[in-house]
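You asked for a quick tour before you dig in yourself. Here are my notes, in the order I'd look at things.

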Amino acid sequence: MRQSQGWEDHVAATGLDTASGQTRKKRRVLTKRQQTRRASLVAYSFIAPNFIGFAVFTLGPIIFAFALAFMHWDGSNPIEFAGLANFFELFHDRAFQAAFWNTIIYTVFSVPLTMACSLGLAMLLNKKIFGRDFFRAAMFFPYVASLVAAAVVWNMLFNPEMGPVNMILYTFGIDPQNLPGWAADKDWAMVTIILFGIWKQAGYFMVIYLAGLQGVNRELYEAADLDGANSWQKFWNVTLPQLAPTTFFVSVMLTINSFKVFDQVYMITQGGPGTSTLVLVYHIYNEAFISWDLGYSSMVALVLFVLVLAVTLIQFRFSRSLD
């Protein structure tokens, strides 16, 4: 009897110990969960202000604009469902067609020319030349300069009658009747906008290329010198392949900036003469805030979004195929 009683006491004590051990484990698990939740709450508390601002001022308006693309609304009267009417109207809108092709033309010319100028400046200012820091700052200055002041100066420089650019061309023997009209001439207005865009952005992307050049493996240049490569061969076979990630980033950013160009068009030509420099974003501005056709302007914005997305995806696919 005593042995059985002792065995029962042992079992009871063991059961209590097991139960208390399981309780401790549960408490530990709960404590870890609480710590994880607290850490998550702290992280979300840091993210929340930025996310709330993004949701209210960016994400919300984007979703509303996508929905508004299928509506008729002038900002004051009730919203009416339009279906695909705004989309079909695009095919009959000559201003939209002109803006679409002008945007394509601006992108096709400005992106490669800006990349070439930025890379050329970066390679030149990457060398040890006198006043290198000054020239780097001077080349970057147009990017941070006031757009209004830059546009005023640009119009003065390219004034068809008294501008220094035409005076220089005249001294080189160009007949006054053949001098470009620049922003006042429909045949030269887009050229003026493209040149302004290149001048404005080249300094910024020059800095990005300068950062990329710092990461080029110098041993490859030494090996190329041993093989007897000239400057062009070293540039083509060493520098460009090493700068491929930087070039891809620059091309994507420039393409996006080119499709949404607006400020320099607004400040220099206002889309004219005629529709020679009318671009998609300026057309959106006209339809939304001049004509107050908010539904149709949202459809144009939706088309622009799809266009930029498609071009960006093609660029990513092309970059992966090269890898």
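**Notes on the fold**

1. Start in the middle of things: the largest nonpolar core counts 34 residues, and those with the most contacts inside it are Leu 90, Phe 96, Ile 268, Leu 280, Val 300 and Leu 304. Keep in mind that this is a predicted model.

2. Who builds that core? At least two residues each come from α3 (94–125), α5 (147–157), α7 (189–214), α11 (263–268), α12 (280–290) and α13 (294–322). The top contributor is α13, which puts in eight residues.

3. Val 300 is a handy place to click. Leaving aside residues up to four places away in sequence, Val 300 touches Leu 90, Phe 96, Leu 280, His 283 and Ile 284. As a bit of background, nonpolar side chains tend to be buried together in soluble globular proteins.

4. There's another core too, lying apart from the largest one. This other core has 19 residues, including Leu 119, Tyr 209, Val 216 and Val 238.

5. Now go to the surface. A nonpolar patch there is formed by Val 42, Tyr 44, Phe 46, Ile 47, Phe 51, Ile 52, Phe 54, Val 56, Phe 57, Leu 59 and Ile 63, and together they have about 1,200 Å² of accessible area. Take Ile 47 as a sample: this residue belongs to helix α1 (residues 2–68). Is Ile 47 buried or exposed? Neither quite fits, because its relative accessible area is 48%, so Ile 47 counts as partly exposed.

6. Helix α10 (residues 244–259) is worth a look for its span. Its 16 residues reach 23 Å from first C-alpha to last, close to the 22 Å expected at 1.5 Å a residue. Which residues of α10 are buried? They are Thr 246, Val 250, Ser 251, Val 252, Leu 254, Thr 255, Ser 258 and Phe 259.

7. Leu 254 also gives you a long-range pair to check. Its C-alpha atom is separated by 8.9 Å from that of Pro 112, although the two are 142 residues apart along the chain. Pro 112 sits in helix α3 and is partly exposed, at 44% relative accessibility.

8. Last, the charges. How many salt bridges does the structure hold? Just one, between Asp 225 and Lys 234, with the closest N and O atoms 3.0 Å apart. In general, side chains of opposite charge can pair when their charged atoms come close. Asp 225 is partly exposed, with a relative accessibility of 44%.

Definitions and conventions: Residues are numbered from 1 along each chain as its sequence is written. This is a predicted model: local features need pLDDT of at least 70, side-chain atom pairs count only at pLDDT 80 or more; totals for chains, interfaces and linings use all residues. Side-chain values use heavy atoms; hydrogens and water are left out. A nonpolar core is a set of buried Ala, Val, Leu, Ile, Met, Phe, Trp, Tyr and Cys residues joined through side-chain atoms within 4.5 Å. Buried means under 20% relative accessible area, exposed over 50%, partly exposed in between (1.4 Å probe, protein chains only). Helices (H or I, at least four residues) and strands (E, at least two) are DSSP runs, numbered from the N terminus. Contact means heavy atoms within 4.5 Å. Patches are made of residues with over 30% relative accessible area and no salt bridge: like charges are joined within 9 Å, nonpolar side chains (Val, Leu, Ile, Met, Phe, Trp, Tyr) within 5 Å. Accessible areas come from the Shrake-Rupley method with a 1.4 Å probe; for residues, only the protein chains shown count as cover. A salt bridge is a side-chain nitrogen of Lys or Arg within 4 Å of a carboxyl oxygen of Asp or Glu. The expected span of a helix is 1.5 Å times one less than its number of residues.
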